[in-house]
Amino acid sequence: MPAKQFSNDIETDNTNSDVIPDSQINYDDAISYWSSVPASVNGVLGGFGEQTPVPKVDIVGSLTFLRKLSTRLSVGQDKVKYTIDMGAGIGRITRDLLWKVSDKVDLLEPVKPFVEQMPIELQQVQSAGKLGQIYDIGMQEWVPDKQYWLIWCQWCVGQLPDDVLVEFWKTCRSALIENGTIIVKENIAPVEDVFDETDSSVTRTDAKFRQLFIRAGLKLIASDVQKGLPKELYPVRMYCLKAQ
């Protein structure tokens, strides 16, 4: 799920106030949509590819957020810094950021054309010996087989209904090493959750995210707004989370 634009189509999807936005999510519809877009940065970012400032601004914002949190992310020198990139698309965030701050990066992505593109995008990561496992499954199907220093969830959790998302984050929480961290980076709806029928996803409010973090047993350590994105996009907020 890329950075979301404000649009009349999206905003009118919730005209029936009796319909809970996340109840409309359909995994098959989501996979079908994402399988139909190009397996490229432009495709995974919904048209905001490398011909726009969005990819670079996004990575700079994430790196700045991580640097601010550096003392909160520290672990023992004997610990391997395993990271997993959730809903990784073609591996853009791993390619441009995560492998540079981690010892080894796993990726999870259920869209087959995106997974097939990963070896091309991640050649440098592979050459550096930092490419881990690739899980071609949905987040809701993931069963961790190791403990992680960092779990990165960006522009993907809108594909899961609230209750499923809480269970997913509980799974993530159980897969953290001592002082391990979950980063969530997502678009934020201004007033109420918004269902987007295009990719069968939900854009949540900041208040909703904070409620779901509590339900999942996660403690919010820090939060910041991504700067420099086009004004036609929903705001993007980053959250740093630890196990309660």
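Let's start with helix 5. Its buried residues are Arg 92, Ile 93, Thr 94, Arg 95, Leu 97, Leu 98 and Trp 99. Buried means under 20% relative accessible area, exposed means over 50%, and partly exposed is in between (1.4 Å probe, protein chains only). Helices (H or I, at least four residues) and strands (E, at least two) are DSSP runs, numbered from the N terminus. Helix 5 covers residues 92-101, and 7 of its 10 residues are buried, so the helix is mostly covered.

A word on the source. This is a predicted model: local features need pLDDT of at least 70, side-chain atom pairs count only at pLDDT 80 or more, and totals for chains, interfaces and linings use all residues. Residues are numbered from 1 along each chain as its sequence is written, and side-chain values use heavy atoms, leaving out hydrogens and water.

Next, helix 8, residues 162-174. Its 13 residues should span 18 Å at 1.5 Å a residue (1.5 Å times one less than the number of residues). The end C-alpha atoms are 19 Å apart, which agrees. Which residues of helix 8 are buried? Asp 162, Leu 165, Val 166, Phe 168, Trp 169 and Cys 172. They cover an arc of only 160 degrees around the axis (taken from the directions from the helix axis to the C-beta atoms), so they lie on the same side of helix 8. What covers them includes strand 4 (148-154) and helix 9 (206-215), by contact, meaning heavy atoms within 4.5 Å.

Last, the cysteines. Cys 172 is buried, at 0% relative accessibility. Cys 153 is buried too, also at 0%. Why is there no bond from Cys 153 to Cys 172? Because their sulfurs are 5.0 Å apart, too far for a bond. A disulfide needs two cysteine sulfur atoms within 2.5 Å. By this rule, the count is 0 disulfides.
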